[in-house]
Amino acid sequence: MTHYTGLINRYRNRLPVGANTRIISLNEGNTPLIQLQNIPRMIGKEVDIYVKFEGLNPTGSFKDRGMTMAVTKAVEAGSQAIICASTGNTSASAAAYAARAGIKAFVLIPEGKIALGKLAQTLMYDAKIIQISGNFDRGMTLVKEVADHAPVTIVNSINPFRIDGQKTAAFEIVDALGFAPDYHCLPVGNAGNITAYWKGYKEYATDRVCGNRPVMCGYQAAGAAPFVLGEMVDNPETVATAIRIGHPQSWDFAWAAQRESGGWFDKFADEDILAAQKMLSQYEGIFCEPASATSLAGAMRDIKSGKIPEGSKIVCTLTGNGIKDPEIAMMQCADAKPVTIDASLDAVKRAILDGL
Ligand code: F0G
């Protein structure tokens with residue numbers, strides 16, 4: 001068996017790198033596709049649901065797929081610094097890959113609106129963090145403006161190399177299953193990821209690696225649902241801070257994915273998103289971050305209603321790791337505080353009997 005060295009090396013013939021390109025990688029990709037065992041039974045429908053657990057990437061989110069490409073190409077072009085706006089995951093990923101490459105990372109984040117773990121990561125990777133008193137959309141506007149005035153490469157998903165890297169998740173799914181799923185469910189924020197998956201599935205279908213393409217189902221938080229409303233949202237709000245976005249950059253690409261695949265967008269209350277996050281942890285042992293659980297919330301609703309019919313094979317992308325957002329997890333489990341007892345055998349025995 002050969003040592004896995006990241007998605008660029010694995011899918012080199014489908015990515016814009018040359019034989020002499022210096023690859024900036026942390027061995028991202030190759031994430032597990034896990035079939036759910038208990039939740040489908042609880043829904044009471046005959047469906048196969050798989051989750052693509054992107055929280056197991058090196059910085060804990062799917063962003064690493066795009067970042068290995070974006071930073072590789074930035075370095076190849078001679079760039080000394082990268083910049084992004086972020087709700088937290090892109091900033092962590094950009095910071096890590098910049099550290100790996102030995103270049104500088106500047107990240108604009110909405111003050112007080114990114115999960116604690118993401119902030120801690122970004123600090124540890126030693127990025128220059130610029131907090132703004134505005135949301136992600138404002139940060140995105142500023143990044144686009146400043147890139148015209150300073151020697152920095154934008155590594156948000158408006159950078160096409162990000163999309164190229166992220167499309168490899170679709171390749172991995174087809175390579176694992178031997179076919180494309182009937183439905184692909186994922187959370188939509190800035191809409192880069194739905195764009196990337198659709199690009200990957202189309203590429204494999206065109207090249208006859210698989211015979212089918214999935215219906216793309218994009219799910220949003222109710223307070224940040226421009227695709228469901230059909231118009232931009234100026235003051236997005238949701239507990240799922242990763243997708244607290246009202247002006248998605250990949251607007252046209254995401255609509256194309258919906259149209260071409262025969263898919264749809266839908267929105268979910270914060271309570272539904274958090275309930276799906278808890279279910280995945282409690283019944284499957286898979287701890288993803290709140291935004292990620294939007295994909296399962298959507299799949300469950302559409303399976304129950306029959307919009308996704310029985311017999312379907314469904315993949316839900318779990319975009320980020322639950323450990324990134326400990327504050328939400330503690331809030332979710334506020335009623336399940338650890339018991340404190342004497343450090344004696346008797347007390348431990350009693351605690352076990354009480355807990356059975
Ligand atoms: N899930 C998570 C965990 C995310 O961090 C993001 C986006 C999304 C879903 C939505 O993906 O933007 O491609 O539609 N996070 C970006 C960030 C915006 O800055 O980390 P999308």
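In the predicted model, the loop between α5 (116–124) and β5 (128–132) contains D126. The backbone of D126 adopts a positive phi of about 70 degrees, although D126 is not a glycine. With a relative accessibility of 64%, D126 is classed as exposed, because this value lies over the 50% cut-off for that class. A second non-glycine residue with a positive phi is N30, for which the angle is about 60 degrees. N30 is likewise a loop residue, placed between α1 (7–10) and β1 (33–35). Its relative accessibility of 44% makes N30 partly exposed.

A further loop position is E237, located between α10 (226–229) and α11 (251–261). E237 is partly exposed, at a relative accessible area of 41%. The side chain of E237 forms a polar contact of 3.1 Å with the side chain of R244. Beyond four places in sequence, the contacts of E237 are with K113, G223, A224 and R244. The C-alpha atoms of E237 and A221 are 8.3 Å apart in space, with a sequence separation of 16 residues.

At the level of the whole protein chain, 15 helices and 10 strands are present. The radius of gyration is 20 Å, in agreement with the value near 21 Å that a compact globule of 356 residues would have. Along the principal axes, the C-alpha atoms occupy a box of roughly 65 × 50 × 50 Å. Buried residues account for 57% of the 356 residues of the chain. Among contacts between residues at least 6 apart in sequence, 71% link residues at least 24 apart. The exposed surface of the chain amounts to about 15,300 Å², of which carbon and sulfur atoms contribute 52%. The charged side chains comprise 35 positive and 36 negative groups, and the centres of these two sets are separated by 4 Å.

Several helical positions were examined individually. T90 belongs to helix α4, which spans residues 89–101. A relative accessible area of 6% places T90 among the buried residues, because burial is assigned under 20%. The T90 side chain makes a polar contact of 3.5 Å with the side chain of K63. With neighbours within four places in sequence set aside, T90 contacts K63, M67, C84, A85, V155, N156 and R162. K63 thus appears both as a polar partner of the T90 side chain and in the wider list of T90 contacts.

N193 is situated in helix α9, comprising residues 192–206. N193 is buried, its relative accessible area being 7%. Apart from neighbours within four places in sequence, the residues in contact with N193 are F62, Q166, L186, T317 and T319. The C-alpha atoms of N193 and G66 are 9.3 Å apart, although 127 residues separate the pair in sequence.

Helix α13, formed by residues 290–305, includes A299. The relative accessible area of A299 is 0%, and the residue is accordingly buried. Outside the range of four places in sequence, A299 touches C185, Y219, I308, I314 and C316. A C-alpha separation of 8.9 Å relates A299 to Y183, a residue 116 positions away along the chain.

Among the strand residues, K52 lies in β2, which covers residues 48–53. K52 is buried, with a relative accessible area of 2%. When residues up to four places away in sequence are excluded, K52 touches T31, P32, L33, R65, A169, E172, I173, Y197, V315, C316, T317 and L318. The partners of K52 include C316, which is also touched by A299 of helix α13. T317, another partner of K52, is likewise in contact with N193 of helix α9. In this way, C316 and T317 are residues to which K52, A299 and N193 are linked through their contacts.

How values were computed. Residues are numbered from 1 along each chain as its sequence is written. This is a predicted model: local features need pLDDT of at least 70, side-chain atom pairs count only at pLDDT 80 or more; totals for chains, interfaces and linings use all residues. Side-chain values use heavy atoms; hydrogens and water are left out. Helices (H or I, at least four residues) and strands (E, at least two) are DSSP runs, numbered from the N terminus. The radius of gyration is taken over C-alpha atoms; the globule rule is 2.2 Å times the number of residues to the power 0.38. Buried means under 20% relative accessible area, exposed over 50%, partly exposed in between (1.4 Å probe, protein chains only). Contact means heavy atoms within 4.5 Å. Accessible areas come from the Shrake-Rupley method with a 1.4 Å probe; for residues, only the protein chains shown count as cover. Lys and Arg count as positive and Asp and Glu as negative; His and the chain ends are not counted. The place of a charge is taken as NZ of Lys, CZ of Arg, CG of Asp or CD of Glu. A polar contact is a pair of N or O atoms within 3.5 Å; within protein, one must be able to donate a hydrogen and the other to accept it, and residues adjacent in sequence count only if both atoms are side-chain atoms.
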